[in-house]
Amino acid sequence: MKEIVLAKYGEIALKGLNKSRFESLLVKNLKRRLGDLGQFRYTRAQSIIYIEPLDDGIDMNDVVARVSKTFGIASICRSAELPKNFEGIVAEGIPYLDEQLSFAKTFKVTARRSDKKFPMKSPEICMELGYEILRRYPHLTVDVKNPDVEVIIEIRETNAYIHAGTIAGAGGMPVGSSGQAMLLLSGGIDSPVAGYMMAKRGIHISAIHYVSPPYTSDRARMKVERLCSKISAYCGDIRFFCVPFTEIQEKIKDECPEELFTIIMRRIMMEIAQRISVQNNCNALILGESVGQVASQTMEAIVCTDAVAKMPVFRPVIGMDKSEIVEIARKIDTFDISIEPYEDCCTVFTPKHPKTSPVLSEVEEAQSRFDFEPLIAEAVNNTEMRIFKTEFQSC
């Protein structure tokens, strides 16, 4: 008997003639994520990727944890691969589930027989396997509605597989299947969630962050870098661009009306992000804005910032309540980092009374009073880049 992971996908199965392209990319992503754990054989059949370890001593808990964070996988089954005959299923399959069955009080058996040539039908498999389990574990009783353990036996074309239920996967589409985009990553709660949500739809993200020393500290930058590392477990390797922004912010303070500081700052941030995106083959921007959350996120303010955009701007959390965003942040383990008290440049020179309903023509006129172009070009040229490799915590 050998242990194997069945990685099942959902949405990819609906892709018709393009299905093989998505499957190939998903397998490529899995190989990249599991490569440092050892050698594996990957086999595709019936909307399942069979992940078979070829080396002894591979930590299967770690394998399952990494596969569960791979976008494109709907569910995971950690299974025993068994001979396709009932005697072999009983002899090897029941001992494989000994730990779960020993500590349970109730169970049920579910059979999935995709190979219709198998001599026993699904109800018969359930009845006979259930009898054998009860014979070996007399303390158990059958509960078909709410069992402690659901024993699932799958009869497929070449082998049989037994497992005790499924583990939820990350869902979505394989990262890289929908192009590349640039995430404006602050140190707050929202932007890491926005990046996660767009990566779930198959976008490979890069991230851009703005620093304004001495107004922002090295700890603030390190905080954002740690957020980058966290979301890389889902999003894959991330190119991280760090933009020097001090001189631009000082000029905004000196040359522009105070109530428009934030709007003009965000317009220039988007302009810089666009230029760096073009240089690095990113075709869209991703922002963590939610309508009405702060003064710069009113509908009128968003119109003013988007007026500088020459590429699509995605705001995946725009209609979400803060509590919904926080729930996802906790799920992806970024929340505790995001609430650390190291502020980013968005909090520098914050106006006392920001304009919540700015008019685009007024904003453009105020920004045109000073030629920011040389400073923007200098910031782009002096941007630092590093790559955050996909990082997993040991299980």
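**Pockets, a cavity and two helix contacts**

Thirteen residues, written in the model as 13, line the second largest pocket, and those nearest its centre are Thr43, Tyr50, Thr158, Asn159 and Tyr161. I begin there, colleagues, and I note at once that we are looking at a predicted model. The volume of this second largest pocket is about 230 Å³. Two strands, β2 (40-45) and β3 (48-53), are the elements that give two or more residues to its lining. Of these, β2 contributes the largest share, namely three residues. When the lining of the second largest pocket is sorted by class, four residues are nonpolar, four are polar and five are charged.

Let me turn to the largest pocket. How much space lies in the largest pocket? The figure is about 780 Å³. Its lining consists of 35 residues, and Ser186, Arg266, Gln297, Asp344 and Cys346 are the ones nearest the centre. Helix α6 (190-200), strand β11 (204-211) and helix α9 each supply at least two residues of that lining. Which element gives the most to the lining of the largest pocket? The answer is α9, with four residues. By class, the lining of the largest pocket holds 15 nonpolar, 13 polar and seven charged residues.

I now move from pockets to cavities. A search through the whole structure returns two cavities of 30 Å³ or more. The largest cavity has a volume of about 80 Å³. Which residues line the largest cavity? They are Gln249, Ile252, Lys253, Phe261, Thr262, Met265, Cys346, Val348, Phe349, Thr350 and Pro351. Cys346 therefore deserves a second mention: it is in the lining of the largest cavity, and it is also among the residues nearest the centre of the largest pocket. In the cavity lining, seven residues are nonpolar, three are polar and one is charged. Two helices, α8 (246-255) and α9 (261-279), each provide at least two residues of this lining.That brings us to the packing of these two helices. The axes of α8 and α9 come within 10 Å of each other and cross at roughly 145°. The crossing of α8 past α9 is right-handed. On the α8 side, the residues in contact are Ile248, Gln249, Ile252 and Lys253, and on the α9 side they are Phe261, Ile264, Met265, Ile268 and Ile272. Sorted by class, this contact of α8 with α9 comprises seven nonpolar residues, one polar and one charged. Gln249, Ile252 and Lys253 of α8 take part in this contact, and these residues are also found in the lining of the largest cavity. From α9, Phe261 and Met265 are in the contact and in the cavity lining as well.

My last item is a second helix pair. Helix α3 (residues 86-96) packs against helix α5 (residues 122-136) at an angle of about 40°, with the axes 11 Å apart. An angle of that value makes α3 oblique to α5. The crossing of α3 and α5 is right-handed. Which residues make the contact? From α3 they are Phe86, Ile89, Val90 and Ile94, and from α5 they are Ile125, Glu128, Leu129, Glu132, Ile133 and Arg136. By class, the contact of α3 with α5 has seven nonpolar residues, no polar ones and three charged ones.

Technical notes
Residues are numbered from 1 along each chain as its sequence is written. This is a predicted model: local features need pLDDT of at least 70, side-chain atom pairs count only at pLDDT 80 or more; totals for chains, interfaces and linings use all residues. Side-chain values use heavy atoms; hydrogens and water are left out. Axes are lines fitted to C-alpha atoms, for helices over the stretch in contact, and angles run from 0 to 180 degrees between N-to-C directions. Angles under 35 degrees count as roughly parallel, over 145 as roughly antiparallel, 65 to 115 as roughly perpendicular and the rest as oblique. A crossing is left-handed if the near helix is turned anticlockwise from the far one by less than a right angle, and right-handed if clockwise. Contact means heavy atoms within 4.5 Å. Ala, Val, Leu, Ile, Met, Phe, Trp, Tyr, Cys and Pro count as nonpolar, Asp, Glu, Lys and Arg as charged, and the others, Gly among them, as polar. On a 1 Å grid over the protein atoms alone, a cavity is a set of points where a 1.4 Å probe fits but cannot get out, and a pocket is an open set with protein on both sides within 12 Å along at least five of seven lines; lining residues have an atom within 4 Å of a point. Grid points are joined across faces, edges and corners, and a volume is the space filled by probe spheres set on the points.
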